[in-house]
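Q: Please take a close look at one part of this model, the place where charge gathers on the surface, and describe what lies there and beside it.

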Amino acid sequence: MSDLSDVSIDDDFVSNIPSVATQKRNIIPVNNVVGLQEKLKDFQLNLDWIEKLDITVKSSTDTDSSDKKGGIDTEAEHDFKREMLFYNQALQGVTKAFKRLKKMGIPTKRPDDYFAEMAKSDAHMLKVREKLLNKQMVVERTEKVRALREQKKQGKKIQREIIESRKREKKQMINALKKTKKRKNGC
C-alpha cells in the first residue's frame, strides 16, 4: 500500500503542476503609482458642487463622554448620545448646504403648486387614513368612557357628602328642637 497522508497528497499535487508552484514563487507585487493615478483620473467626474451636493462637517465633540475616541462615546449604553451626535452633524450639514444653495440663488422650497408622483396609490393612502382615524376614534372613545367613570365616581362621592351633610343638619335641627322643648317644659 502506498502512503496516503495529507503531506504526500499535497506533494504529489504540487509536483504534478510545476507551473503553478513556480508562478507562486515568482509573483512580486508591483505598486504602479502612475498607472493607478491615471485610472483614478479616468474614474473621477469633474462635476460642479451642485451636481454632487457633498458637504463635510466637523463632528461636534461630546465633553461628557467617559470613553472618548474622537469625541464620540463608543460605549454600548450610550446609543442616544451617538444618535444625537449623528443628528446634530446632519443638521449642521443641511444648514451649511442651504446657505451655499442660497448664495448660488437656487430655490430650496417647493412651490405650492408642485405636483409629485406619490409612491403609494390614493386608494392605499385612503385605507391608511381610515385605519388611523379608526384608531384615533377608539382612543377618544376609551378616554370618554374613562372620563364618564371618573365623573360617576365623583358624582357618587359628592352625593354621599350631600346626604351626610343633610343627616348632620337634620340631627342638629332635632337637637335644637329638643333643646327648645326642654326650655319650654322647664320654664
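A: What follows describes the positive patch, then two residues in detail. This is a predicted model, in which local features need pLDDT of at least 70 and side-chain atom pairs count only at pLDDT 80 or more, while totals for chains, interfaces and linings use all residues. Residues are numbered from 1 along each chain as its sequence is written, and side-chain values use heavy atoms, with hydrogens and water left out.

Lys-52, Lys-58, Lys-96, Lys-99, Arg-100 and Lys-103 gather on the surface in a patch of positive charge (patch residues have over 30% relative accessible area and no salt bridge, and like charges are joined within 9 Å; a salt bridge is a side-chain nitrogen of Lys or Arg within 4 Å of a carboxyl oxygen of Asp or Glu). Helix α5, residues 79–104, gives the largest share of this patch, four residues (a helix is a DSSP run of H or I with at least four residues, and a strand a run of E with at least two).

Lys-99 is found in helix α5 and is exposed, with a relative accessible area of 60% (exposed means over 50%, buried under 20%, and partly exposed in between, with a 1.4 Å probe and protein chains only). Phe-98 is also found in helix α5, and counts as partly exposed because its relative accessibility is 43%. Between Phe-98 and Thr-108, which are 10 residues apart in sequence, the C-alpha to C-alpha distance is 7.2 Å.

Leu-53 has its place in the loop between α4 (49–52) and β1 (68–69), and at 47% relative accessibility this residue counts as partly exposed. The phi of Leu-53 is near 55 degrees, a positive value in a residue other than glycine. Most residues other than glycine have a negative phi.

Technical notes
Patches are made of residues with over 30% relative accessible area and no salt bridge: like charges are joined within 9 Å, nonpolar side chains (Val, Leu, Ile, Met, Phe, Trp, Tyr) within 5 Å. Accessible areas come from the Shrake-Rupley method with a 1.4 Å probe; for residues, only the protein chains shown count as cover. Lys and Arg count as positive and Asp and Glu as negative; His and the chain ends are not counted. The place of a charge is taken as NZ of Lys, CZ of Arg, CG of Asp or CD of Glu.
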